Amino acid sequence: MEVPRRPQPSSFTLPLPKPASSALSPLGALEKISKKDVMKEKFQETEDETADTDEFEEEIFSTEEELNASVFVEAPAETSELLDTNTSTGGTNVKLSSQDSFSEDSTISEERLAEEAEEAKKKSEEEEAAAKEREAQRQMLAIEELVQSERNYIRLLQISTVTIKSNLQKLQPPPANLDSMFLYIEDVIDVSSRLLSLLDQKQVQPGDPLFLKTLCDSFLSLSSDIEAAYKEYLANYTNITVVENSYKQKEALWNEIVRVIKASAPEVNATSLSFFLVMPVQRIARYPLLLQTIQKHTERTHPAYGLLEHAAHTSIALNCRINEYKRFREVADKYKKTETLTIKDKINRLNTHSIAKKTARLSQHIKHETGIAPKLVDEEFDALEGFFYVLEHGILELLENVETYLHHLQVFLACKTEEFDLDMDGEKAPICYKEITTALRQWILPTFEKRMRTLIHKPLCALRDLLVGPRNLIRKRLDKLLDYELIEAKSTLSYEEQAVANTYRTMNTLLLNELPQFNGMALQMIWSMLGTFSCLHKDLASDMEQLFQSFAQQLPHSSLNPSAFWRWAESAVLEGAGRLETLCQSVEDTLNAPAVQPLSPSSQRRLKQLTDKHGSGKIYQVMEMVVGSRDLDLNLARGELVAIISEADSRGDKRRWLVDAGGRRGYAPCSKLIRYHQATEDPPPSPHLTPPDGVTEIRRHSYTPESRPLTVMSRPCFQILAAYDFTARGNHEVSLRAGEPVRVLERHDKRGNPEWSLVEARGGKRGYAPSNYLTMVPMGTGPPGTYQPYC
């Protein structure tokens with residue numbers, strides 16, 4: 001705001017006398033200037049209060065007017081002329097002196113403002129420096145808290161795992177399942193110790209700026225190990241609480257445990273094991289808080305700020321992954337259990353909700369099978385599931401083979417042939433045989449059997465037990481998938497429906513993540529066990545070779561040169577192989593003879609039903625009890641009759657056959673099925689004839705499985721009858737009635753299959769009939785009313 005100017009003297013019309021001297025005029029000017037200075041200072045101090053300034057201006061104008069009036073009145077008459085002559089000159093001088101004084105005052109005010117600004121700047125810099133110092137101190141305190149709390153944390157965990165655990169194990173008797181409470185805690189201690197070790201190796205103090213970078217680098221480098229250690233511990237923590245609650249139920253045992261805890265750690269006010277074992281659960285959740293506190297008190301210009309921010313985000317993500325893994329494990333533990341429930345327990349569990357749920361699942365499954373509703377297809381999971389079932393079948397088959405192998409080995413060890421008196425005491429070979437066999441049974445083979453059970457059989461049994469959990473999860477996933485398909489199309493879901501959807505997604509994700517690892521580990525174990533099996537046999541061969549070398553000089557052929565010895569060995573082996581082949585053929589002929597297996601009336605009705613539906617060539621009998629282990633598998637009793645529908649399952653596995661058990665259809669292992677042989681009251685040793693010398697018959701085709709010609713018996717000895725009715729199913733077969741005599745032309749078909757025989761019935765009809773439908777009886781012993789012998 002501009003200072004109001006003084007009114008010009010010309011505006012006044014009052015005549016004044018000339019002053020005697022001009023001294024009064026400068027005084028008045030000075031007085032006016034001083035008044036202006038006062039108003040300038042007041043204006044600078046109250047710059048924002050414009051109303052007060054306007055009042056000051058009015059007072060200035062009134063004061064100046066009064067001052068001028070007084071000066072003009074008091075001036076003598078003689079000075080009036082001087083005033084008149086010097087009016088213009090005096091006004092100009094007053095204006096110049098006022099401007100000079102105002103510029104000086106402005107300069108003084110600017111200097112004062114600059115000083116105040118400089119003081120304010122210094123004050124703000126001091127406050128900023130103090131704030132930075134406080135932030136640095138808080139940052140150092142947060143870093144020291146993280147490091148020191150980590151050291152105390154490790155110390156308390158070591159007290160619990162070393163001192164308290166060892167003292168609890170000295171109790172008589174020691175608490176049950178004590179080791180399961182401290183499961184995976186060693187891994188937690190190890191990873192925390194490695195974190196502190198990395199910090200100590202750098203030899204940097206917490207106050208050093210490089211310490212923060214070292215801390216972040218160490219945490220990030222161990223983040224994967226921290227996650228691996230803590231996620232297993234946290235997943236097992238539920239088991240820790242269960243075991244501790246079981247201890248609390250026994251008052252005497254719990255009091256003894258509390259006494260041991262207080263005596264082992266008197267400096268810690270602990271009264272339970274969970275006081276120590278809950279620390280890892282709290283520690284992993286505290287890492288993000290500590291790192292975020294350090295980040296809060298760290299400037300963005302700090303060299304390690306980026307690393308610190310990354311470490312804080314990593315700790316948060318690490319906690320999220322651990323929580324997700326723990327949730328997956330809880331779902332897996334809930335559904336992979338196999339419950340053995342009685343019928344009463346199952347009935348007690350029935351309620352309207354369970355019945356409605358199972359009915360909806362059955363309805364959805366029927367819609368899938370009939371094509372009414374599409375089925376959700378997950379190719380990735382289907383591939384994993386198929387490989388799992390193939391792997392499961394391989395493990396079970398390998399275990400069965402190993403058990404059979406060990407059983408045969410035990411049978412061999414039980415048959416102590418060296419103890420028999422062979423009346424060959426004078427020969428060296430039997431003596432060497434006895435000594436070698438004794439060494440095998442007492443030393444080599446028992447050691448081999450023990451190693452087989454330890455290194456092969458037990459791991460296979462453990463692997464078989466591990467298959468139960470994934471199998472149950474896969475089956476439960478199918479049930480949850482049916483539930484999920486029912487609610488998938490809905491736009492809004494209720495709380496229960498949302499829980500069903502979350503459960504299915506969790507199980508599906510769990511299987512997609514864990515099943516490949518399980519399959520890989522199981523396959524690796526199988527390969528490892530097969531390699532171990534080969535190494536065991538290699539060691540067995542080495543031990544036996546070492547044993548035989550000690551007796552080699554005593555054998556009768558030890559003096560032969562190598563070529564002669566190998567010729568002799570080859571001829572001996574071929575001769576023995578020929579005898580063995582003859583023996584095997586004899587045994588096979590005996591085993592292929594029709595078996596006498598009388599049937600109950602219900603089995604006879606089932607036989608007739610299956611024969612009418614599938615034909616006699618498809619009827620098989622169960623040799624051993626069959627217990628289904630997979631979907632669509634049948635449970636079959638020994639001796640039960642089934643009809644073969646397909647000699648392979650839906651995946652093309654020819655070891656599982658699709659069978660009809662008289663209404664029930666499903667899969668059964670082909671190794672436990674044998675073709676059914678019809679029973680007879682007096683089965684002959686063979687349905688074929690052994691003709692006397694000189695009686696031959698010409699073959700009717702070029703197939704010659706044996707070199708000797710086929711011959712037939714003479715009439716007075718035996719006759720061949722049809723034991724059962726047989727209806728021809730084509731032109732190449734011939735129909736027979738029970739008791740009808742036939743003539744056997746060939747005892748096999750054109751492919752050499754002995755199950756079919758070429759026969760000639762009465763009337764000259766020729767064709768094939770089942771060999772087990774034929775029986776040989778002495779002449780004249782046929783049933784009454786039957787046909788006469790036909791030769």
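The following questions and answers concern the nonpolar cores, one buried polar residue and a surface patch of a predicted model.

Reader: Which residues have the most contacts inside the largest nonpolar core, and which helix gives the most to this core?

Author: The largest nonpolar core comprises 64 residues, and those with the most contacts inside it are Tyr 230 and Phe 276. With 11 residues, the element that gives the most to this core is helix H4, residues 87–169.

Reader: How many residues does the second core have?

Author: This core is separate from the one just described. Ala 522, Ile 526, Leu 536 and Phe 551 are included in it, and its size is 44 residues.

Reader: Which residues does Phe 276 contact, leaving aside neighbours within four places in sequence?

Author: Among the contacts of Phe 276 are Leu 156, Leu 157, Ser 160 and Ile 164. The remainder of the list consists of Ile 261, Ala 265, Val 268 and Ala 270.

Reader: Is Asn 236 buried or exposed?

Author: Asn 236 lies in helix H8, residues 223–248. Beyond residues up to four places away in sequence, Asn 236 touches Ser 180, Leu 183 and Tyr 184. Its relative accessible area is 11%, and the limit for this class is under 20%, so Asn 236 is buried.

Reader: Why does Ile 343 count as exposed, and what accessible area does its nonpolar patch have?

Author: Ile 343 is located in helix H13, residues 343–349. Ile 343 counts as exposed because its relative accessibility is 67%, where the class requires over 50%. Together with Ile 347, Leu 350 and Ile 355, Ile 343 forms a nonpolar surface patch whose joint accessible area is about 420 Å².

Note on methods
Residues are numbered from 1 along each chain as its sequence is written. This is a predicted model: local features need pLDDT of at least 70, side-chain atom pairs count only at pLDDT 80 or more; totals for chains, interfaces and linings use all residues. Side-chain values use heavy atoms; hydrogens and water are left out. A nonpolar core is a set of buried Ala, Val, Leu, Ile, Met, Phe, Trp, Tyr and Cys residues joined through side-chain atoms within 4.5 Å. Buried means under 20% relative accessible area, exposed over 50%, partly exposed in between (1.4 Å probe, protein chains only). Helices (H or I, at least four residues) and strands (E, at least two) are DSSP runs, numbered from the N terminus. Contact means heavy atoms within 4.5 Å. Patches are made of residues with over 30% relative accessible area and no salt bridge: like charges are joined within 9 Å, nonpolar side chains (Val, Leu, Ile, Met, Phe, Trp, Tyr) within 5 Å. Accessible areas come from the Shrake-Rupley method with a 1.4 Å probe; for residues, only the protein chains shown count as cover. A salt bridge is a side-chain nitrogen of Lys or Arg within 4 Å of a carboxyl oxygen of Asp or Glu.
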